[in-house]
Amino acid sequence: MELVQDYEQQYAVQTAEITAQIGRIALASGAERNKLISDVDRQLEESQELLEQIGLEIRDIPQGSRAAYTSRLNCYQAEWKRLQQEFGNAKAARPKAGYDSSVDDFDEIGIQEDQKRRLLDNTERLERTSNYLNDAYRVTIETEQIGAQVLSDLSQQRETIQRSRARLRETDADLSRSSRILNSMIMRAMREKFILVVVIAAIFLVLVFSIYFSIS
């Protein structure tokens, strides 16, 4: 999970830089514009690779936490597509001649209203992305805390099950001893009964012989 969070932070920083440079493309011209376009191209490729790495790492996350990360990845991918579309629009727009990148005053360089709105939209998008990352980080922390609590509960349940098994083994041992004692008592009773029958038979025979000899 820590590796995914590192990738997410890198992606947030990179998309913020891409957004800022896309806003500058519409205002730049000549070699500076070409350099900005080349930089954004490279950064879009790098950010896409980061998303692929995040996707690979998510596959190794436990099933219980994977859904939240997958949802965040979908948002990142949608944001990346919007950046790519804005980049295409910025490249297609006609550059403003004579732009000096060191000038920050919109009124002095005569930026058109739609360009101002685009820059403001990019700024708002950056703020939303930052807020989303903060919320995602908070959800991750809460998920980890819940996971730790679940693991603790499972550990306690495991100990309870182990104690129950130990008691069952003890009960089984007691039942085995009781069964052996009962069998021993039954065998003893049968032996005593057999001896009693033999004694009675012997006494009967003695009486019979006594009567016989007395008559004779």
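**Group meeting: a surface patch and a helical core**

Let me begin with Val198, which counts as partly exposed because its relative accessibility is 42%, where partly exposed lies between buried, under 20% relative accessible area, and exposed, over 50% (1.4 Å probe, protein chains only). This is a predicted model, in which local features need pLDDT of at least 70 and side-chain atom pairs count only at pLDDT 80 or more, while totals for chains, interfaces and linings use all residues. Residues are numbered from 1 along each chain as its sequence is written, and side-chain values use heavy atoms, with hydrogens and water left out.

Val198 sits in helix 5, residues 113-215, helices being DSSP runs of H or I with at least four residues, numbered from the N terminus.

Turning to the interior, the largest nonpolar core (buried Ala, Val, Leu, Ile, Met, Phe, Trp, Tyr and Cys residues joined through side-chain atoms within 4.5 Å) has 25 residues, of which Ile22, Ile25, Val40, Leu44, Leu51, Ile54 and Phe87 touch the most other members. At least two residues of this core come from each of helix 1 (2-25), helix 2 (30-59) and helix 3 (63-92), and helix 2 gives the largest share, eight residues. Beyond its neighbours within four places in sequence, Ile22 is in contact (heavy atoms within 4.5 Å) with Val40, Leu83, Glu86, Phe87 and Ala90.

Finally, Glu17, also found in helix 1, counts as partly exposed because its relative accessibility is 37%. Glu17 and Val40 are 23 residues apart in sequence, yet their C-alpha atoms are 8.7 Å apart in space.
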